[in-house]
Amino acid sequence: MPPRIQTQRVSNSVLPYLSSTSSTPASSCTSLPPSSTSCPHRTFSSTSAAQTRLRSHMFEWLNSEGRKLRYHEPNVYKYVTNLRDLAKDTVPPEQLSKRPFPLNQNFVSEPILSEEMREEIYKRVAQDKKSVRAVSIELKVDMRRVAAVVRLMEMEKGWRTQGKPLALPYSRAIQEMVPTTRYSPDPRNQRPHESINDLPVHRLTDPQIFYPVSESRQFTRVDAGRVFSGAPRLPNSTVDEITNDPSSSISRATQNPHLIERVGKGDQETQVLQPADARIPHPYLVAHERDSIKKPHERGENIKRFSSRLQEEERAEAERRQAAEERREKKTAKVNPEDSRFEFRFTDVVVSKETTGADGRGHRAPGRRYGVPSYERKKGEVKIPTRVNV
Amino acid sequence: MRNRATTPLSRAKIRQSWSKYNLYNLQRFRNPSTNNRTFFQQKWTAKSSARAYHGEQVPETQWERMFSRRIRSVVPMDATRLAQDDGSIASSGRGSGIMSPWEMERAKKEKLTPFTQMTFAPLERRLDTAIFRALFASSTRQARQFVVHGAVTVNGKEMRYPGYLLNPGDMFQVDPERVMFATGAPKSKAERREGRIARQKTETPEEGEESVAEEEKEGKEKQKPEAEAQPEDTRETLKGLMAQAKTIMSKEKSDLPAKKKQELRGFQKAIKRVLSRSESSTILNDNLESQFSELMTLLKATRLEKKDNKGKNTESQPAAESSDPVAETEAPDSRPGQALTEAFQKATENPAEEVDTSELTESELDTLKRALIQMRDNPIDSTKPYATPWRPRDYMSVFAFIPRYLEVNQNICAAVYLRHPVARPGFSEVPSPFSESINTGAFAWYLRRR
Amino acid sequence: MVVRIRLSRFGNKHQPFYNICVSQARSARDSKPLEVIGTYNPLPQRPTNLSTEQARNARPYKEVALDRSRAKYWLGVGAQPSDGVWKLLSLAGLAEKTKTKTEGSE
């Protein structure tokens, strides 16, 4: 094999100058530790011979087959699964397996966001003031990931302005070793980074329920959710309403979660399980698809309706957040005394028969409880914090 | 905590580590045979080999408390399919649904969700494991040490508990120096010696500083008259610089690191010498852009178009980058982008008619620039605990993958724990080197004790 | 017997936490009171969710939870706040700024 001199493959376009840190030619393999193929004879060694033999086997392997894995090459997945393909050197790097563990068929090394993609996400959210939802749909990146990228980029910019040292060569090396999702300026060519409409499997859907239904009746996802949560059947008028306009009934549920019907009593009270359309992160995508099935020729209209739905969802979310904030503000009074370094925050609580309960030990009443032992000093008590506030 | 995580060669045990012993064990590990073994024995072997990898630093009782039989999973929903069907098709007929033949085909192809591969998902919440998964440490034990030694913050606050269970949305950040140390190649003997000498110098700072200062003074005094006397000299220096830059960039992995270092150092000095001719001393420690442009003006090297190109390039526009020459033309290597770059060069060269005395081709400029960037980002510094210039440690790429539940920013060595790992049809997010048979055995083992 | 509004200490070593309680003056500090009307956390908390610039200038805060109507009632029937509680009540606007001598029990 001719010695590899540099990045033969196309190097990552965000980082043009990365070849400098990476990619090692095979020629430097000559400086390997002396292979112990011939078992070294140690006269005074107390090590058992078996261990030495095993070690020699290991170094033999590292110097023959394992040599391929020693140095990394950009965009070549040097996983153990690919050992044979790498040895043959005929398989193009795109066809190499992305499974790092040969025995585990279910784990693949999934792509990470490339540097340019992160920049783009940050630009759209922080500079163009787009909502996380909108950016998530545009770039096909999960909403939580979008928020995290913005947070991390914010921190990175802060570091850059402060002149803190960054781990740039390390970052370049990782970007070359791991598959990445590139940003393409043309939205049609943008490869989805991950599936954005993941439905978490709900605890209530675990049991298998035998529920007889007459053949003449339409049994939909809405009904299934009600059966799972043990709610009574919907009246016919409501069913008709939902079948006529499913999108609006879904958006009603997603925009006003407090209005969702509740079943059960006391501590058992729960919301009725909503259909999958309402529980996915981007429900308006389904509404858009429904529109385009119903009215395939009104493309422009459909897109307009879609964007208005998206805005409606964002507005409702912002309203909810603001209302919660206001409620919290209303409950607390902030006092800043002049002769103190501290601010005092007074929260209103209620002490009454309802909160304290008959025995005075109700959980909603303020204060620590009397007559409850403290296990602080008990052996084996875990004192690791469970939460760190931002 | 005593490290019991040995990597024995006699019996292959896989650990959460990047060591070459572990690599050897990983590639020769096979599923344990189930012939003539009772179910109990099978479960025992499965559990013991799985626990050697997953949470080996966690005591068994603690893990038993953490174990949960409820496994998180998600189903990716297709908006089009949800829109087509409100669920009544799936429940029509006698309750089993009416499917067209092609739908039956599709249903057959749909993969099962590998629930038992998620047996050890609760351990992925631990801070030390998450640091290892984010590729910030070369083993979980090392990650644990970083936490205990106070190099890790969670949401900006120092966290000294490796067993802290991350909550969705938590951001953890590791000291970049430690990360570079953990993931970088170790120092050679000569480099260690250099570091020792450097340390000794700092311990007796008076002599060292003075001498350095004197040297610098002398150097400046020497160079200034030279520069004034011979303004035509620029061409020569430029040539020299270029030659040095080329040697640096071409012989990247020269087998003699010491020689390479010498070259790098020479280059560094040369650039300093050139820059010191300009009176403004700020440039030396200013950003690279101004340094580069200053260098160019000093050497009267560039033409206008080229500078423009440079400006574009530094803003990292992918289009400009891709057409950028990746290496010098003289180097005896054939690149796929060679023809393209030549065309690009011609296009830029033809319209410009005035030719400077010391003209540089595009590729030469690029080489110079790359050498400069390399010098700034990845300098030689014998005081660092890792080999400089930094390069990844051996066999690192074998273990390099970042699971989906983490979002990592490598530049600042920080990551966000987005959510708990989940299983989805065909995939599980818990990185486990074991097959389903082993993980299922382990799951059954821990179920028994609930 | 005098009824007092005072603090009773809960929490752990180096982690004080107080209940604001109404109890007989002669009863033990942590004994069961007539009523608990609030809590007081004397450990200053750092405000969260702020930008770096804001966080630098932000004042740390102390949390007080108080049922105002119950506090007013007990003051009305002649319960006497201790010094510490007096300060908190005055911050909440339920008592005079300074404790006058005549109102003290002794």
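Let us start inside chain B: among its contacts between residues at least 6 apart in sequence, 68% join residues at least 24 apart. Here, two residues are in contact if their C-beta atoms, placed from the backbone, lie within 7 Å. This is a predicted model, in which local features need pLDDT of at least 70, side-chain atom pairs count only at pLDDT 80 or more, and totals for chains, interfaces and linings use all residues. Residues are numbered from 1 along each chain as its sequence is written, while chains are lettered from A and ligands numbered from 1 in the order in which they are written.

Chain B has 19 helices and eight strands. Helices (H or I, at least four residues) and strands (E, at least two) are DSSP runs, numbered from the N terminus. Of the 450 residues in chain B, 38% count as buried; a buried residue has 20 or more other C-beta atoms within 10 Å of its own, with C-beta atoms placed from the backbone.

Now for the places where chains meet. On one side, 90 residues of chain B are in contact with 87 residues of chain A. Helix α1 (residues 20-28) of chain B gives the most to chain B's side, with six residues. Chain A also meets chain C: 22 residues of chain A are in contact with 27 residues of chain C. Strand β7 (residues 343-348) gives the most to the side of chain A that touches chain C, with six residues.

The table sorts three touching sides by class. Ala, Val, Leu, Ile, Met, Phe, Trp, Tyr, Cys and Pro count as nonpolar, Asp, Glu, Lys and Arg as charged, and the others, Gly among them, as polar.

| Side | Nonpolar | Polar | Charged |
|---|---|---|---|
| Chain B, touching chain A | 47 residues | 26 residues | 17 residues |
| Chain A, touching chain C | 12 residues | five residues | five residues |
| Domain 2 of chain A, touching domain 3 of chain A | three residues | one residue | one residue |

Strands also pair across chains, where a pair needs at least two bridges found by DSSP. Six bridges join β7(A) to strand β4 (residues 61-66) of chain C, and these strands run parallel. In this pairing, A:Arg345 stands opposite C:Glu63. Strand β3 (residues 198-200) of chain A and strand β1 (residues 74-76) of chain B run antiparallel, joined by three bridges. There, A:Pro200 has B:Val74 as its bridge partner.

Finally, chain A has domain 1 (18-95), domain 2 (112-189) and domain 3 (220-324), with bounds from an automatic or database domain assignment. The C-alpha centres of domain 2 and domain 3 of chain A lie 31 Å apart. Five residues of domain 2 of chain A are in contact with five of domain 3 of chain A.

Methods: Buried ≥ 20, exposed ≤ 12 C-beta atoms within 10 Å, placed from the backbone.
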